[in-house]
Structures are given as C-alpha cells and as structure tokens.
Amino acid sequence: MKTSRKALTLAALVAALLCASVSWAGDIKGKVSVQGLRSAENIAVYVDAIPGKTFDAPSQHVTIDQKKMTFVPHVAVVLKGTTVDFLNSDPVGHNVYWPSVSGNKKLAHNMGTWPKGQSKPFQFNDFGAASLLCNVHPEMSGYVVVVATPYFAVTDKDGGFEIKNVPDGKYTLKTWSEDGKPTTVTVDVPGGSANVELTVKK
Ligand SMILES: [Cu+2]
C-alpha cells in the first residue's frame, strides 16, 4: 500500500515537472515584410544579448558550402564562438575572405584557397556580419552573422521565420539584412508561442 502511494506521488511529481517544463519555453514565430527590398528572404532574426546571461560556444560546427559558384546557405546566423567549416564542393578552387565584419576592417580575414572536397574551419568570436567573398569569382557572396544568443532564424522566401525553444521572458528581437536597415522590437514569450510582425526598410 505504502509503496504504491509513493509511486503515485512520484508519478504526479514527474507529471507536474513535465507540464511545468513545457510552459517554461515557447516559440517566436513571425513574418518579415519588406519595403524597398527585393525580397523578404534571407533576413536574420535573432534575440539580442540577454542581460546577465552568457552562452558557451557550441561544440557543433556549422558548414557553409561553396557549391555551383554560390555560398550555401547565403546567410548563416551563428552564436558567438561557433566554428564554421567552409567546404568547397565545386570542381574549381574557391577562396573565402571577408573584407570586414559589420564595416570593421580590422576584422578582415582571408582563409586562402582550397580544392574540391576539402574544408577549412574558422571560429567566429566577434559580433557582427562578416561579408563573405571569393576572390576567384567576384559574383559570389554570403554572410555569417554572429549573435549573442542561440535564439535565431533566417527568413524563408515569404519572410516567415520560427525561433524554437525560447525560455519565457521579455526579449529584444533584432533583424539583420543584406541591404535593409536593422530593426528592433520587444517580444514577450509568455509560455507559448509569440507572434511577431516586422517590417524591414531599405
Ligand atoms: Cu569562388
């Protein structure tokens, strides 16, 4: 009798904990509209630095491929400290360099050139957008956007985005885009999904 009551209490406790943990986080879903920009695709949407909170550099690497003469993905958002593996999948030699990070030329870097099938890692420890270029093919361009939290997304063709598993709280949500102005809004994650509509202007 005693044991089964204990088991019941434990089961109730576990159930309560599970329910509670579900309500501790939510998703930020939304849509970005654009004014004066060609497309609402490839816009970075991210939770800005959270006061008093830091995040360890992730051990998992992110890969940016150079495939069919393009950087894939075109825009990669990463948490500060993330290592990006730059892969070359083309039968021609590609180069990767960035002349600045958010306009800061002191953070320029040249990765060199390497053949098909090989990759080179780089750890991004400075905030901002590194504008990726290839000095062999001037038409190639891409971006690595380095942010302070693991809560980020890149918009799809229609400007839609979803940031999953954001702990309940009030946050500053920002956008970065290739040719639009940055935008900032405050978002409240109430223990469920938050819906956000944003407009990025040229
Ligand atoms: Cu190239």
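1. The largest nonpolar core, meaning a set of buried Ala, Val, Leu, Ile, Met, Phe, Trp, Tyr and Cys residues joined through side-chain atoms within 4.5 Å, has 20 residues, and Ile-28, Phe-161, Ile-163 and Leu-173 are those with the most contacts inside it. At least two residues of this core come from each of β1 (25–35), β2 (44–47), β13 (160–167), β14 (169–176), β15 (183–189) and β16 (194–201), and β16 gives the most, with four residues. Strands here are DSSP runs (E, at least two residues), numbered from the N terminus. Buried means under 20% relative accessible area, exposed over 50% and partly exposed in between, with a 1.4 Å probe and protein chains only.

2. The model is predicted, so that local features need pLDDT of at least 70 and side-chain atom pairs count only at pLDDT 80 or more, whereas totals for chains, interfaces and linings use all residues. Residues are numbered from 1 along each chain as its sequence is written, and side-chain values use heavy atoms, with hydrogens and water left out.

3. Leaving aside neighbours within four places in sequence, Phe-161 is in contact (heavy atoms within 4.5 Å) with residues including Ile-28, Val-32, Val-45, Leu-173, Val-196 and Leu-198. Another core, of 18 residues, lies apart from the largest one, and Ala-76, Val-101, Val-144 and Val-146 are among its members.

4. The copper ion has as its protein donors His-94 (ND1), Cys-134 (SG), His-137 (ND1) and Met-140 (SD), which lie 2.0 to 2.6 Å from it. Donors are N, O and S atoms within 2.8 Å of the metal (3.2 Å for Na, K and Ca), and sites may look incomplete because water is not among the atoms. The arrangement is tetrahedral because the four donor atoms subtend angles of 95 to 134°, the criterion for four donors being that all angles lie between 85 and 135 degrees. Cys-134 and Met-140 are both buried.

5. Asn-88, found in strand β6 (residues 83–88), counts as buried because its relative accessibility is 0%. Not counting residues up to four places away in sequence, Asn-88 touches several residues, among them the copper donor His-94, as well as Asp-65, Trp-114 and Gln-118.

6. Some backbone values deserve a check. The peptide bond from Val-72 to Pro-73 is cis, with omega near 0°, and Pro-73 is placed in the loop between β4 (70–72) and β5 (75–79). Phi is positive in Asn-42, near 65°, and in Asn-165, near 60°. Asn-42 is in the loop between β1 and β2 and counts as partly exposed at 22% relative accessibility, while Asn-165 is in strand β13 and is exposed, with a relative accessible area of 57%.

Definitions and conventions:
Tetrahedral: all angles 85-135°; square planar, octahedral: opposite > 155°, others 65-115°.
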